[in-house]
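Here are a few short exercises to work through with the structure open beside you. Try each task before you read its solution.

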Amino acid sequence: MRSFTKTPLLFRVLALLSALILITSLFSAQLAPYDPYATDPQLILKAPSAEHLLGTDNYGRDILSRILAGGKTSIFSALFIILAAGSLGSMIGLLSGYYRGRIDAVLMRFTDVFQAFPDIVLAIAVAGVLGGGLFNAVLALIVTTWTQYARIARSAAVTVKEETYIQAAQLSGCSDARILFGHILPNIAGPLIVTAVLHVSTMMMGLAGLSYLGIGVQIPAAEWGAMISEGQKYLQQAPWAALAPSAVMVAVMMVFNMFGDQLRDLLDPKTREKSI
(Lines give C-alpha, C1' and ligand atoms only; values in the text may rest on other atoms or scores of the structure.)
Protein backbone atom coordinates (compact mmCIF):
# COMPACT_ATOMS: atom_id res chain seq x y z
CA MET A 1 0.00 0.00 0.00
CA ARG A 2 1.45 3.33 -1.02
CA SER A 3 2.17 5.94 1.65
CA PHE A 4 -0.29 8.78 2.20
CA THR A 5 2.13 11.38 0.81
CA LYS A 6 2.42 9.45 -2.46
CA THR A 7 -1.32 9.30 -3.07
CA PRO A 8 -3.00 11.74 -5.51
CA LEU A 9 -3.43 15.28 -4.22
CA LEU A 10 -7.22 15.18 -4.59
CA PHE A 11 -7.38 12.02 -2.49
CA ARG A 12 -5.33 13.65 0.27
CA VAL A 13 -7.47 16.79 0.24
CA LEU A 14 -10.70 14.79 0.41
CA ALA A 15 -9.31 12.52 3.14
CA LEU A 16 -8.40 15.55 5.23
CA LEU A 17 -11.81 17.14 4.62
CA SER A 18 -13.54 13.92 5.64
CA ALA A 19 -11.43 13.72 8.78
CA LEU A 20 -12.18 17.39 9.56
CA ILE A 21 -15.92 16.75 9.18
CA LEU A 22 -15.73 13.77 11.55
CA ILE A 23 -13.68 15.67 14.14
CA THR A 24 -15.99 18.69 13.94
CA SER A 25 -19.03 16.46 14.42
CA LEU A 26 -17.40 14.60 17.29
CA PHE A 27 -16.65 17.82 19.17
CA SER A 28 -19.80 19.66 18.10
CA ALA A 29 -20.85 20.30 21.70
CA GLN A 30 -17.62 22.19 22.35
CA LEU A 31 -17.67 24.05 19.02
CA ALA A 32 -21.32 25.16 19.08
CA PRO A 33 -21.56 28.89 19.94
CA TYR A 34 -24.92 28.39 21.71
CA ASP A 35 -26.95 25.65 23.32
CA PRO A 36 -28.65 23.99 20.30
CA TYR A 37 -31.79 23.34 22.35
CA ALA A 38 -32.10 26.71 24.12
CA THR A 39 -35.19 28.59 22.95
CA ASP A 40 -35.69 32.37 23.01
CA PRO A 41 -39.06 33.90 22.02
CA GLN A 42 -37.33 37.21 21.24
CA LEU A 43 -35.09 35.60 18.60
CA ILE A 44 -37.70 33.68 16.60
CA LEU A 45 -36.78 33.48 12.88
CA LYS A 46 -34.06 36.11 13.10
CA ALA A 47 -32.05 36.56 9.89
CA PRO A 48 -28.33 35.69 9.81
CA SER A 49 -26.25 38.24 11.68
CA ALA A 50 -22.92 38.64 13.47
CA GLU A 51 -24.40 37.04 16.60
CA HIS A 52 -26.20 34.21 14.80
CA LEU A 53 -24.26 33.49 11.61
CA LEU A 54 -26.96 31.27 10.10
CA GLY A 55 -29.93 32.87 11.79
CA THR A 56 -32.42 31.31 14.19
CA ASP A 57 -35.37 28.95 13.77
CA ASN A 58 -39.04 29.14 14.74
CA TYR A 59 -38.18 28.61 18.41
CA GLY A 60 -35.36 31.14 18.50
CA ARG A 61 -32.66 28.45 18.53
CA ASP A 62 -29.32 29.15 16.89
CA ILE A 63 -29.25 27.28 13.56
CA LEU A 64 -25.45 26.98 13.38
CA SER A 65 -25.39 25.30 16.80
CA ARG A 66 -28.17 22.93 15.77
CA ILE A 67 -26.39 22.08 12.51
CA LEU A 68 -23.26 21.17 14.46
CA ALA A 69 -25.28 19.06 16.90
CA GLY A 70 -27.25 17.52 14.06
CA GLY A 71 -24.06 16.61 12.23
CA LYS A 72 -23.03 14.37 15.10
CA THR A 73 -26.38 12.60 14.95
CA SER A 74 -26.52 12.32 11.16
CA ILE A 75 -22.93 11.33 10.44
CA PHE A 76 -22.25 8.97 13.33
CA SER A 77 -25.65 7.31 12.93
CA ALA A 78 -24.75 6.70 9.28
CA LEU A 79 -21.39 5.24 10.30
CA PHE A 80 -23.06 2.93 12.82
CA ILE A 81 -25.56 1.77 10.18
CA ILE A 82 -22.71 0.99 7.79
CA LEU A 83 -20.71 -0.83 10.47
CA ALA A 84 -23.67 -2.98 11.51
CA ALA A 85 -25.02 -3.64 8.01
CA GLY A 86 -21.53 -4.19 6.58
CA SER A 87 -20.59 -6.67 9.30
CA LEU A 88 -23.84 -8.62 8.99
CA GLY A 89 -23.86 -8.64 5.20
CA SER A 90 -20.16 -9.48 4.87
CA MET A 91 -20.53 -12.40 7.28
CA ILE A 92 -23.49 -13.81 5.36
CA GLY A 93 -21.69 -13.31 2.03
CA LEU A 94 -18.50 -14.96 3.28
CA LEU A 95 -20.32 -18.03 4.58
CA SER A 96 -22.39 -18.29 1.42
CA GLY A 97 -19.45 -17.94 -0.96
CA TYR A 98 -17.14 -20.24 0.98
CA TYR A 99 -19.44 -23.16 1.75
CA ARG A 100 -21.68 -22.91 -1.36
CA GLY A 101 -24.22 -25.72 -1.80
CA ARG A 102 -27.28 -25.75 0.43
CA ILE A 103 -25.95 -23.03 2.75
CA ASP A 104 -25.40 -20.74 -0.22
CA ALA A 105 -28.89 -21.42 -1.58
CA VAL A 106 -30.61 -20.72 1.75
CA LEU A 107 -28.65 -17.54 2.53
CA MET A 108 -29.00 -16.10 -0.95
CA ARG A 109 -32.74 -16.78 -1.10
CA PHE A 110 -33.03 -15.05 2.26
CA THR A 111 -31.09 -12.13 0.77
CA ASP A 112 -33.33 -12.09 -2.31
CA VAL A 113 -36.41 -11.63 -0.13
CA PHE A 114 -35.03 -8.35 1.23
CA GLN A 115 -33.77 -7.21 -2.17
CA ALA A 116 -37.19 -7.75 -3.71
CA PHE A 117 -38.39 -4.45 -2.22
CA PRO A 118 -37.01 -0.98 -3.04
CA ASP A 119 -34.73 0.14 -0.21
CA ILE A 120 -36.56 3.34 0.68
CA VAL A 121 -39.98 1.65 0.58
CA LEU A 122 -38.79 -1.14 2.87
CA ALA A 123 -37.13 1.37 5.21
CA ILE A 124 -40.32 3.44 5.44
CA ALA A 125 -42.37 0.29 6.09
CA VAL A 126 -40.03 -0.97 8.82
CA ALA A 127 -39.72 2.46 10.48
CA GLY A 128 -43.48 2.96 10.22
CA VAL A 129 -44.17 -0.37 11.94
CA LEU A 130 -41.57 0.17 14.66
CA GLY A 131 -42.53 3.80 15.22
CA GLY A 132 -40.53 7.02 15.15
CA GLY A 133 -37.20 7.60 16.84
CA LEU A 134 -33.49 7.45 16.03
CA PHE A 135 -33.04 3.83 17.08
CA ASN A 136 -35.92 2.55 14.94
CA ALA A 137 -34.77 4.62 11.95
CA VAL A 138 -31.26 3.20 12.25
CA LEU A 139 -32.64 -0.34 12.55
CA ALA A 140 -34.82 0.19 9.47
CA LEU A 141 -31.82 1.32 7.40
CA ILE A 142 -29.69 -1.61 8.58
CA VAL A 143 -32.44 -3.99 7.42
CA THR A 144 -32.39 -2.45 3.94
CA THR A 145 -28.60 -2.12 3.53
CA TRP A 146 -26.92 -5.38 4.57
CA THR A 147 -27.92 -7.22 1.37
CA GLN A 148 -25.54 -5.17 -0.77
CA TYR A 149 -22.56 -6.20 1.35
CA ALA A 150 -23.71 -9.81 1.29
CA ARG A 151 -23.77 -9.87 -2.51
CA ILE A 152 -20.35 -8.21 -2.81
CA ALA A 153 -18.75 -10.48 -0.19
CA ARG A 154 -20.22 -13.64 -1.72
CA SER A 155 -19.07 -12.81 -5.24
CA ALA A 156 -15.56 -11.99 -4.08
CA ALA A 157 -15.36 -15.01 -1.77
CA VAL A 158 -16.35 -17.39 -4.58
CA THR A 159 -13.48 -16.04 -6.70
CA VAL A 160 -10.85 -15.95 -3.94
CA LYS A 161 -11.72 -19.47 -2.74
CA GLU A 162 -10.33 -20.88 -6.00
CA GLU A 163 -6.92 -19.26 -5.48
CA THR A 164 -3.94 -21.53 -4.88
CA TYR A 165 -3.07 -20.06 -1.48
CA ILE A 166 -6.57 -20.88 -0.17
CA GLN A 167 -6.23 -24.47 -1.32
CA ALA A 168 -2.80 -24.63 0.30
CA ALA A 169 -4.25 -23.32 3.56
CA GLN A 170 -6.94 -26.00 3.46
CA LEU A 171 -4.37 -28.74 2.83
CA SER A 172 -2.20 -27.48 5.68
CA GLY A 173 -5.06 -28.00 8.12
CA CYS A 174 -6.16 -24.41 8.71
CA SER A 175 -9.60 -24.12 10.27
CA ASP A 176 -12.47 -22.64 8.29
CA ALA A 177 -12.56 -19.63 10.62
CA ARG A 178 -8.88 -18.89 10.01
CA ILE A 179 -9.29 -19.24 6.26
CA LEU A 180 -12.39 -17.02 6.23
CA PHE A 181 -11.09 -14.24 8.45
CA GLY A 182 -7.33 -14.61 8.02
CA HIS A 183 -7.08 -15.23 4.28
CA ILE A 184 -10.30 -14.51 2.40
CA LEU A 185 -11.65 -11.44 4.23
CA PRO A 186 -8.41 -9.38 3.99
CA ASN A 187 -8.27 -10.04 0.26
CA ILE A 188 -11.86 -8.97 -0.42
CA ALA A 189 -11.87 -6.02 2.00
CA GLY A 190 -11.16 -3.43 -0.72
CA PRO A 191 -14.58 -3.49 -2.43
CA LEU A 192 -16.33 -3.66 0.94
CA ILE A 193 -14.47 -0.61 2.25
CA VAL A 194 -15.18 1.40 -0.89
CA THR A 195 -18.86 0.46 -0.71
CA ALA A 196 -18.94 1.50 2.95
CA VAL A 197 -17.44 4.94 2.23
CA LEU A 198 -19.82 5.52 -0.68
CA HIS A 199 -22.72 4.49 1.58
CA VAL A 200 -22.03 7.25 4.11
CA SER A 201 -23.92 9.83 2.07
CA THR A 202 -26.63 7.30 1.17
CA MET A 203 -27.28 6.50 4.83
CA MET A 204 -27.27 10.19 5.73
CA MET A 205 -29.86 10.80 3.02
CA GLY A 206 -31.92 7.81 4.17
CA LEU A 207 -31.91 8.95 7.80
CA ALA A 208 -32.74 12.51 6.77
CA GLY A 209 -35.56 11.23 4.55
CA LEU A 210 -37.13 9.22 7.36
CA SER A 211 -36.81 12.20 9.71
CA TYR A 212 -38.33 14.50 7.09
CA LEU A 213 -41.32 12.16 6.84
CA GLY A 214 -41.71 12.18 10.61
CA ILE A 215 -40.75 8.53 11.17
CA GLY A 216 -37.09 9.11 12.00
CA VAL A 217 -35.48 11.44 14.49
CA GLN A 218 -38.20 13.30 16.34
CA ILE A 219 -38.35 17.04 16.97
CA PRO A 220 -36.82 18.77 18.95
CA ALA A 221 -33.77 16.50 18.52
CA ALA A 222 -31.13 18.10 16.29
CA GLU A 223 -30.82 16.16 13.02
CA TRP A 224 -30.48 17.60 9.53
CA GLY A 225 -33.54 15.92 8.02
CA ALA A 226 -35.74 16.93 10.93
CA MET A 227 -34.37 20.49 10.73
CA ILE A 228 -35.18 20.68 7.01
CA SER A 229 -38.68 19.33 7.63
CA GLU A 230 -39.29 21.88 10.35
CA GLY A 231 -37.70 24.76 8.46
CA GLN A 232 -39.54 24.24 5.18
CA LYS A 233 -42.75 25.40 6.87
CA TYR A 234 -41.19 28.89 7.05
CA LEU A 235 -39.47 28.82 3.67
CA GLN A 236 -40.97 32.11 2.48
CA GLN A 237 -40.40 34.20 5.59
CA ALA A 238 -37.19 32.55 6.83
CA PRO A 239 -35.55 30.51 4.03
CA TRP A 240 -32.32 30.12 6.02
CA ALA A 241 -34.06 27.76 8.45
CA ALA A 242 -34.31 25.08 5.75
CA LEU A 243 -31.60 26.12 3.29
CA ALA A 244 -28.74 26.20 5.82
CA PRO A 245 -29.00 22.55 6.95
CA SER A 246 -29.77 21.50 3.36
CA ALA A 247 -26.61 23.17 2.03
CA VAL A 248 -24.44 21.67 4.78
CA MET A 249 -25.84 18.18 4.24
CA VAL A 250 -25.31 18.36 0.47
CA ALA A 251 -21.73 19.60 0.94
CA VAL A 252 -20.89 16.82 3.41
CA MET A 253 -22.44 14.18 1.15
CA MET A 254 -20.43 15.46 -1.82
CA VAL A 255 -17.18 15.22 0.16
CA PHE A 256 -17.82 11.60 1.19
CA ASN A 257 -18.96 10.63 -2.32
CA MET A 258 -15.88 12.15 -3.94
CA PHE A 259 -13.65 10.56 -1.31
CA GLY A 260 -15.26 7.18 -2.00
CA ASP A 261 -14.66 7.59 -5.74
CA GLN A 262 -11.00 8.45 -5.13
CA LEU A 263 -10.62 5.52 -2.75
CA ARG A 264 -12.13 3.17 -5.32
CA ASP A 265 -9.65 4.38 -7.94
CA LEU A 266 -6.80 3.92 -5.47
CA LEU A 267 -7.76 0.36 -4.48
CA ASP A 268 -8.76 -0.88 -7.94
CA PRO A 269 -5.66 -1.69 -10.05
CA LYS A 270 -7.69 -1.79 -13.29
CA THR A 271 -9.02 1.71 -12.69
CA ARG A 272 -5.53 3.00 -11.87
CA GLU A 273 -4.13 1.55 -15.09
CA LYS A 274 -6.81 3.26 -17.17
CA SER A 275 -6.13 6.60 -15.49
CA ILE A 276 -2.37 6.47 -16.14
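**Exercise 1. Classify F27 by its accessibility, and place it in the chain.**

Step 1. Please keep in mind that this is a predicted model. F27 has a relative accessibility of 43%.

Step 2. Recall the cut-offs: buried is under 20%, and exposed is over 50%. F27 counts as partly exposed because its 43% falls in between.

Step 3. Now find F27 in the chain: this residue sits in the loop that joins α1 (9-26) to α2 (28-31).

Step 4. Finally, look across to L180, which is 153 residues away along the chain. From C-alpha to C-alpha, F27 and L180 are 37 Å apart.

**Exercise 2. Do the same for A125.**

Step 1. Start with the element: A125 belongs to helix α5, which covers residues 119-130.

Step 2. The relative accessible area of A125 is 40%. With buried set at under 20% and exposed at over 50%, A125 is therefore partly exposed.

Step 3. For a distance, take I44 as the partner. The two residues are separated by 81 positions in sequence, and their C-alpha atoms by 35 Å in space.

**Exercise 3. Describe the fold and its overall dimensions.**

Step 1. Count the elements: the protein has 11 helices and 0 strands. Read from the N terminus, the order is accordingly α-α-α-α-α-α-α-α-α-α-α.

Step 2. Next, take the extent of the C-alpha trace, which spans about 75 × 50 × 30 Å along the principal axes.

Step 3. Turn to burial and surface. Of the 276 residues, 44% are buried. The exposed area is about 14,100 Å², and 66% of it is supplied by carbon and sulfur atoms.

Step 4. Then consider the contacts with a separation of 6 or more: 70% of them link residues 24 or more positions apart.

Step 5. Close with the charges. There are 19 positive and 17 negative ones, and the mean positions of the two sets lie 8 Å apart.

**Exercise 4. Find the largest cavity and say which helices line it.**

Step 1. Begin with the count, which is 1 cavity of 30 Å³ or more. The largest cavity has a volume of about 60 Å³.

Step 2. List the lining: D57, N58, I63, R66, M227, E230, G231 and A241.

Step 3. Assign the lining to elements. Two or more residues each come from α3 (63-99) and α9 (224-231).

Step 4. Which element gives the largest share of the lining? That is α9, with 3 residues.

Note on methods: Residues are numbered from 1 along each chain as its sequence is written. This is a predicted model: local features need pLDDT of at least 70, side-chain atom pairs count only at pLDDT 80 or more; totals for chains, interfaces and linings use all residues. Side-chain values use heavy atoms; hydrogens and water are left out. Helices (H or I, at least four residues) and strands (E, at least two) are DSSP runs, numbered from the N terminus. Buried means under 20% relative accessible area, exposed over 50%, partly exposed in between (1.4 Å probe, protein chains only). Contact means heavy atoms within 4.5 Å. Accessible areas come from the Shrake-Rupley method with a 1.4 Å probe; for residues, only the protein chains shown count as cover. Lys and Arg count as positive and Asp and Glu as negative; His and the chain ends are not counted. The place of a charge is taken as NZ of Lys, CZ of Arg, CG of Asp or CD of Glu. On a 1 Å grid over the protein atoms alone, a cavity is a set of points where a 1.4 Å probe fits but cannot get out, and a pocket is an open set with protein on both sides within 12 Å along at least five of seven lines; lining residues have an atom within 4 Å of a point. Grid points are joined across faces, edges and corners, and a volume is the space filled by probe spheres set on the points.
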